[in-house]
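Here are a few exercises to work through with the model open in your viewer. Try each task before you read its solution.

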Amino acid sequence: MKRLFLITIAALFTSAAIAQQPIAQKLIYYSISFPNAAHHEAEVVMTIPQAPETLRFRMSRSSAGRYATHEFGKNIYNIKVTDIEGNPLPFTQLEGDLYEVGAHPANIKVSYTLFGNWTDGTYTSIDPSHAHLNMPATFMWVIGQEKRPLKFEFNDLDKYGWKVATQLKPEGSNIYSAPDMQYMMDSPTELSNYKITNWDVTNTDGKKEKINVTIHSDDSQNVVDNFGKMVQKLVQEEKAVYGEFPAYDYGEYTFLTDVYPTTSGDGMEHRNSTCIVDPLDKVAGNEGDLLGIFSHEYFHSWNVKRIRPKSLEPFNFEHANMSSELWFAEGFTQYYGELLLTRSGFNTLDDYTQTIAGLVNQILNTPGASKYPATQMSRYSVFADAGVSIDPNNNVNDFTSYYTYGGAIALALDLRLRSEFNLTLDDYMRQVWLARGKVMKPYTISDLQNDLGKVTNNPKFAADFFKRYINGTDKNNYDELLGKAGLVLRKMQPGIAWVGSLATKPGRGRAGQQLAAGAEGLPILSSTIIGTPVYKAGLDAGDIILKADGQTITDTKSFSDVIAGKKPGDKVTVNYKNRTGAHETTIVLEESPYFEVVTFEKAGKPLSKEQEAFRTNWLQSKIK
Ligand SMILES: [Zn+2]
């Protein structure tokens with residue numbers, strides 16, 4: 001009782017002293033508390049010493065690493081502006097998320113209530129179990145003051161039994177700092193009773209760094225420790241690609257992990273940390289699933305957080321930065337994320353052949369990749385990356401993800417470097433790391449081309465590769481390239497009749513739900529795909545299939561039953577209706593263009609010594 005009382009007095013004294021600090025130190029000071037965590041609210045006070053004469057402050061509209069815009073301003077209310085003594089000052093709301101203060105003294109305070117109930121790598125969620133804070137969704141900021149140092153005071157930690165996990169610099173007790181606004185935005189912070197496991201790694205220059213894995217979940221310390229050992233292996237495998245770890249600020253890197261059934265599934269990279277959330281019951285039993293996100297996000301601590309496209313620098317928190325380089329920043333990271341799971345023994349060769357088939361189908365069998373270069377698909381990220389809108393898009397016909405598109409390009413380049421140059425994609429990544437990432441020189445696409453010319457000592461090859469496969473829509477010969485590793489690329493369903501995807505599952509929105517509930521026939525609820533038999537027959541969203549070959553169609557099964565007895569080339573007469581009345585069309589059945597990848601062994605073909613050596617070199621562990 002006595003001891004508690006003493007602590008309270010001490011705490012009061014400390015915070016009173018701290019309140020004077022920001023004014024004296026001229027830094028922007030944020031204090032966040034959680035009096036109403038049960039209802040997902042936080043109270044934020046921002047102290048601005050020496051505020052500029054034209055004082056505008058705002059909430060962000062975008063978040064570093066998430067490429068579409070988000071309206072974080074919608075979850076901010078009870079905004080108040082006062083002088084340092086608490087006397088109210090007038091201010092106006094210029095835009096949904098932008099405010100301007102009228103005549104004001106030098107030192108002022110802005111306070112507001114923040115609502116957050118979405119746990120992922122972009123938004124904020126607050127409840128008594130945690131405050132999962134992504135900074136653009138949490139803290140307002142002052143326009144024109146982005147270079148000023150910042151401090152953060154995280155309150156109510158004892159009340160909820162929380163600890164702080166973050167890449168922000170610890171400044172004693174519950175205070176943390178960031179050198180500027182860009183750094184703050186890149187530093188997600190998890191306040192919770194997480195478990196932690198950590199270990200030291202020795203970098204190539206002999207310096208020690210610490211890797212932390214914090215996990216907010218219903219797991220025992222034992223499970224967390226064991227999972228940490230798996231991550232440890234993966235981390236070493238990733239280092240082997242580049243030959244060294246990045247020099248992490250303050251000597252630490254932290255995986256901020258949150259596993260619970262109501263979280264989103266997401267990973268978001270940062271300079272010295274990553275935010276990973278997964279809607280699983282717990283880590284125990286799901287380690288393999290989780291490692292995929294760890295593998296991808298950790299690779300970003302080199303590729304995108306340090307090997308940085310010029311187009312993302314500096315990050316604009318009022319708009320979405322548009323980048324033509326995401327096929328490299330995300331796509332090559334996608335390729336390595338999967339490859340490194342195989343190299344470190346967490347995925348089997350058969351798992352990996354399925355991954356490869358996925359990449360090859362994306363680049364060879366999607367309308368987006370056949371029409372547009374990877375650079376253009378990268379720019380679509382400003383709409384695609386968790387961008388939210390209520391009307392449908394035509395992505396199945398106009399967009400191929402830069403993750404898989406770029407991943408397939410990385411696969412081809414790796415196999416070509418190995419077979420034509422006796423080099424590997426690792427050699428190229430190391431070249432880009434040394435020329436760009438390590439020295440923090442943001443790159444352009446022509447820089448990437450130069451680096452490929454340098455590593456191959458063949459600028460002509462680099463120019464041709466970039467012209468045809470990066471800036472153009474030519475495709476590499478995957479069949480031939482995979483053959484070098486003793487893998488067969490072949491049709492998944494040879495000789496079987498196929499109509500294409502019909503998109504008959506009810507999507508979002510009332511129209512789809514009502515159509516689906518309409519009982520009669522089989523409604524098509526979203527765009528059919530260019531080049532497929534149903535598309536060629538003129539069928540699309542809004543059509544309801546009533547009969548096929550004279551048989552009444554009531555659902556997907558009755559439709560596929562009609563197709564099942566047929567061969568590619570056969571015709572099916574379809575009766576359908578839409579808003580313009582009843583119609584008839586003919587679907588000419590084809591063979592599915594989709595591929596699978598299998599080993600020579602599985603395909604019953606002899607595997608040569610060269611193929612075996614090529615495959616081993618590619619997929620075996622590189623940890624020395
Ligand atoms: Zn990524």
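**Exercise 1.** Locate Gln50 among the strands, then work out what is unusual about its phi.

*Solution.* Start with the place: in this predicted model, Gln50 sits in the loop between strand E2 (41-48) and strand E3 (55-58). Next, check the backbone: phi of Gln50 is near 50°, which is positive although the residue isn't a glycine. Most residues other than glycine have a negative phi. Last, look at the surface: buried means under 20% relative accessible area and exposed means over 50%, so Gln50, at 46%, counts as partly exposed.

**Exercise 2.** Find the protein donors of the zinc ion and describe how they are spaced in sequence.

*Solution.* First, pick out the atoms: His296 and His300 each offer NE2, while Glu330 offers OE. These donors lie 2.0 to 2.1 Å from the zinc ion. Then write the spacing as a pattern, H-x3-H-x29-E. Now add the secondary structure: His300 is in the loop between helix H5 (287-299) and helix H6 (326-343), and Glu330 is in helix H6, so this pair ties together parts that are 30 residues apart in sequence. Finally, with the burial cut-off at under 20%, His300 counts as buried at 0% relative accessibility, and Glu330 counts as buried too, at 1%.

**Exercise 3.** Go through the loop between H5 and H6 and look at the backbone at Val304 and Pro314.

*Solution.* Take Val304, which is found in this loop. Its phi is near 120°, a positive value in a residue other than glycine. Is Val304 buried or exposed? At 1% relative accessibility, Val304 counts as buried. Move on to Pro314, also placed in the loop between H5 and H6: the peptide bond leading to Pro314 from Glu313 is cis, with omega near -15°. For context, most peptide bonds are trans.

**Exercise 4.** Which residues touch the most other members of the largest nonpolar core, and where does that core lie?

*Solution.* The largest nonpolar core has 90 residues, and Tyr428 and Trp618 touch the most other members. Domain 2 (194-301) and domain 3 (314-492 + 598-624) both contribute residues to this core, so it lies between them. To see the surroundings of Tyr428, skip its neighbours within four places in sequence; its contacts then include Phe328, Phe332, Leu413, Leu448 and Phe466, and also Asp451. There's a second, separate core as well: it has 52 residues, among them Ile28, Phe72, Tyr112 and Met184. In soluble globular proteins, nonpolar side chains tend to be buried together.

Conventions
Residues are numbered from 1 along each chain as its sequence is written. This is a predicted model: local features need pLDDT of at least 70, side-chain atom pairs count only at pLDDT 80 or more; totals for chains, interfaces and linings use all residues. Side-chain values use heavy atoms; hydrogens and water are left out. Donors are N, O and S atoms within 2.8 Å of the metal (3.2 Å for Na, K and Ca); water is not among the atoms, so sites may look incomplete. Helices (H or I, at least four residues) and strands (E, at least two) are DSSP runs, numbered from the N terminus. Buried means under 20% relative accessible area, exposed over 50%, partly exposed in between (1.4 Å probe, protein chains only). A nonpolar core is a set of buried Ala, Val, Leu, Ile, Met, Phe, Trp, Tyr and Cys residues joined through side-chain atoms within 4.5 Å. Domain bounds come from an automatic or database domain assignment. Contact means heavy atoms within 4.5 Å.
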